[in-house]
Amino acid sequence: MERKTRRGEKYFEDKTMWGFIHRSFTKSMGYTDDDISKPVIGICNTYSELNKCHSHFNELAEYVKQGVWQAGGTPMEFPTISLGEPYVKPTTMLLRNLAAMDTEEMMRAHPIDGVVLIGGCDKTIPAQLMAAASVNIPAIVLSGGPMLNGRLNGENLGACTDCYRFTLEHSAGNLDDDQLSEVENAICRSDGHCMVMGTASTMASIAEAIGMALPGCAAIPAVDSRRRHMSQMTGKQIVQLVKNNLKPKDIMTAEAIENAITVTMASGGSTNSIIHIVAIAQRLGIKLPLEKFDAISSQTPFLLNVRPSGKYQMEEYFEAGGVPGLMKELESLLNTECITVTGKTIKENLINAKVKETGKEVIFSMKQPLEKDGGIVVLKGNLCPNGALIKKTAVSKKFIKHQGKAVVFESLDDMEKRIDDPNLDVDEESVLVLKNVGPKGAPGMPEVGQIPIPKKLLEKGVRDMVRISDGRISGTSYGTLVVHVAPEAAIGGPFALIENGDEIEIDVHNKVLQLHVAEEEIRKRKTNWTKKESFYDRGYGLLFEERVLQADLGCDFDFLLPKELRPNS
C-alpha cells in the first residue's frame, strides 16, 4: 500500500517560492533540514497566568517534546485561548465555542501532521475534542491533572466542593473571617485542576474513556512525577498515530461515545459533561439525544466513591487504579472493540488493569455498587419538554420526590438583590426558580444554578432546597439542583412562564419535572410573554446570542455542525 504524503511534507518539500520561504523561515528558528523532513507534531499549549489550572503546562509541554523527539518527530508548540474557570466573566461557557474554533483553525491552517492537545480546566478539553473531531488529523489529549488534596486540621479539602461548604458556613455566621482565610490558604496547595469529580476531572476521564488519551492519564496528580512520564509517553504516541494515520474519527465512534457516557454515569460525573459530549458527538456527525444518556444511566451502576457524590478525591482515585480500574470493573458494559490512541482496543488496554486491594472503598464493584444506576438523571415534563438534568447522587434524600411552591427570580440580578431579603416569602419546602441564565438568556449559561440558600433559612440550619434553573452548575456542586432546563426562558420556553406560588413537582425516580398549572393558564401567560432585549449589539457576543444552540443540543454554534445536523437544514 502506497504511503500517503504527510501535510508537513507537502509544506516543506514544495518546490515553489513558498516552499523556499517555509524552509528558510523555519530553519531560522534552529530547525534543520533533517528536522523538517520528519513528522511535524503541533503541541497545543493552553498555558496562561490567567488560568491557575494550567500554570504548569510549560513544563508538561517540554516533556511532550522529549517524547516527540525520541519517537522521530519534530515538535512545534503553539498557543490557543486558555479558559480559566475562576477568572473568566461572565462565564467560560460563553467562550468554549470560540476556543474550539481557535483550536480548529490553528490545527487546520498549519503544516502539522499530528497534534498533542494539552488541556485541563473545564472547557478546554471539550473545545479541543470538538476541534479534533472537525479537523480529523491524528490527535491525542494530555490532561494537566488534578491538584493534591487540600489539607487543614487533619481533613482533606476539595475544590470547589468545599469552597461552597465553607463560604456557606461563613454566611451563616459559623465561621469568622480569619477562619475562612485559613481555609482559603489550605484548599489549593499545588498546581492542577479541581481535585474532586467536577467538570475538569470528568472531561479528563471522558478523554480517556473515549479513547483519545493514554490509559491512566486522567487521575495522575498534576505535580506527581508520573504526570511528567505520561507527558513524555504522549509525545511518543502521537508520532506513532501519525505513522499509522489513526485519526479522531477512527477513535471517537458512536460506540466510543457510549463508553464515555458509561464511565461518566459510573463516576457520578459533572452534568456539564452532557452538554460537552453532545457537542463532540455532533461534530462527528452523530446525533445524540438526551434519551441515550438516560438509557445508559439506567443500566450503569454508580461505582465511584469520589466527591461531590462520595467520600474520597482524585488523589485516592489515582491510587485505587484510576479510570482503567473503573473501566475494568465496567468492562461487561463497555464496547471493548473500540480502537484507542494506543493503537489497541479497549479490551487490550484493560488486560492488566485492576482495582487495587487498597482502593476498593474508592472504586466499588459491579456486584456491590454504591447505587444500582448512574449518577445523572434526565427529567422531562411540561416545564422542560426538551429535558433537564439533575445529579441524583448529590440530591438530599428528602427531595427525591417533592412538591413545593415556586419562589421565582427573573434574572441573576433579581436573585442577588432579593435572596437574603428578610421579607422574602420562602420556607425550606419552597422551590427556588432562577430564570434567564441559559445559553441566550444570561448570556452564556453561567454556573449559577446552585442558588444560594436564603440567609434567614441558613440561620435556621437549612442546607439544601430544591433549586431549578436554565443555567449550569459547577461539577463540584452538591444539593438538589435541577439545571439545563430546555427550552430556556429567554426563548419563551415553558420555564419562562412560572410565577410565584405555582406548585412544582419533582420526582427523581420517575424522572418527572412538572408545573402544576392549568394548560389554559399556561397558554394565557405565553400570549403575554415578551422577549428581552439582546445583551450585545456587536462582536462575538452577538454572534453567540444569535447562533448558539440550546443545552440539549450541546450549546454549539449551528454553523459549526456538519450540514446534515444543522437545525432546519
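The legends below describe close-up views of one predicted model, taking its cavities, a pocket, a strand and its cysteines in turn.

Residues are numbered from 1 along each chain as its sequence is written, and side-chain values use heavy atoms, with hydrogens and water left out. Because the model is predicted, local features need pLDDT of at least 70 and side-chain atom pairs count only at pLDDT 80 or more, whereas totals for chains, interfaces and linings use all residues.

**View 1. The largest cavity and the residues around it.**
A cavity is a set of points, on a 1 Å grid over the protein atoms alone, where a 1.4 Å probe fits but cannot get out, and its lining residues have an atom within 4 Å of a point. Grid points are joined across faces, edges and corners, and a volume is the space filled by probe spheres set on the points. The model has 3 cavities of 30 Å³ or more, and the largest holds about 90 Å³ of space. Its lining is made by E208, G211, A213, P215, P324, M327, T340, I346, N349 and L350. The elements that give two or more residues to this lining are α15 (322-329) and α16 (346-349), where helices (H or I, at least four residues) and strands (E, at least two) are DSSP runs numbered from the N terminus. By class, the lining of the largest cavity has 6 nonpolar, 3 polar and 1 charged residues; here Ala, Val, Leu, Ile, Met, Phe, Trp, Tyr, Cys and Pro count as nonpolar, Asp, Glu, Lys and Arg as charged, and the others, Gly among them, as polar.

**View 2. The second largest cavity, with α12 in its lining.**
This cavity has a volume of about 60 Å³, and its lining includes I274, I275, V278, L290, H484 and D552. Two or more residues each come from α12 (272-283) and β8 (388-391), and α12 gives the most, with 3 residues. The lining of the second largest cavity divides into 8 nonpolar, 3 polar and 1 charged residues.

**View 3. The largest pocket, with α6 in its lining.**
A pocket is an open set of grid points with protein on both sides within 12 Å along at least five of seven lines. The largest one holds about 1200 Å³ of space and is lined by 50 residues, of which C160, C163, Y164, E447 and S474 lie nearest its centre. The largest share of this lining, 5 residues, comes from α6. By class, the lining of the largest pocket has 26 nonpolar, 13 polar and 11 charged residues.

**View 4. Strand β10 (residues 431-434), covered on both faces.**
In a regular strand the side chains alternate between the two faces of the sheet. In β10, V431 and V433 on one side and L432 and L434 on the other are all buried, that is, under 20% relative accessible area with a 1.4 Å probe and protein chains only, while exposed means over 50% and partly exposed lies in between. Strand β9 (residues 401-409) runs parallel to β10 and is joined to it by 4 bridges, two strands being paired if DSSP finds at least two bridges between them. On the β9 side, F409 has L434 as its bridge partner. Strand β11 (residues 466-469) is also parallel to β10, with 4 bridges, and there L434 has S469 as its bridge partner.

**View 5. Two cysteines, C44 and C188, outside any disulfide.**
A disulfide is a covalent bond between the sulfur atoms of two cysteines. Counted as a pair of cysteine sulfur atoms within 2.5 Å, disulfides number 0 in this model. C44 has no such bond because its sulfur is 15 Å from the closest cysteine sulfur, in C121, which is too far. For C188, the nearest cysteine sulfur, that of C163, is 6.0 Å away. C44 is buried, with a relative accessible area of 0%, whereas C188, at 38% relative accessibility, counts as partly exposed.
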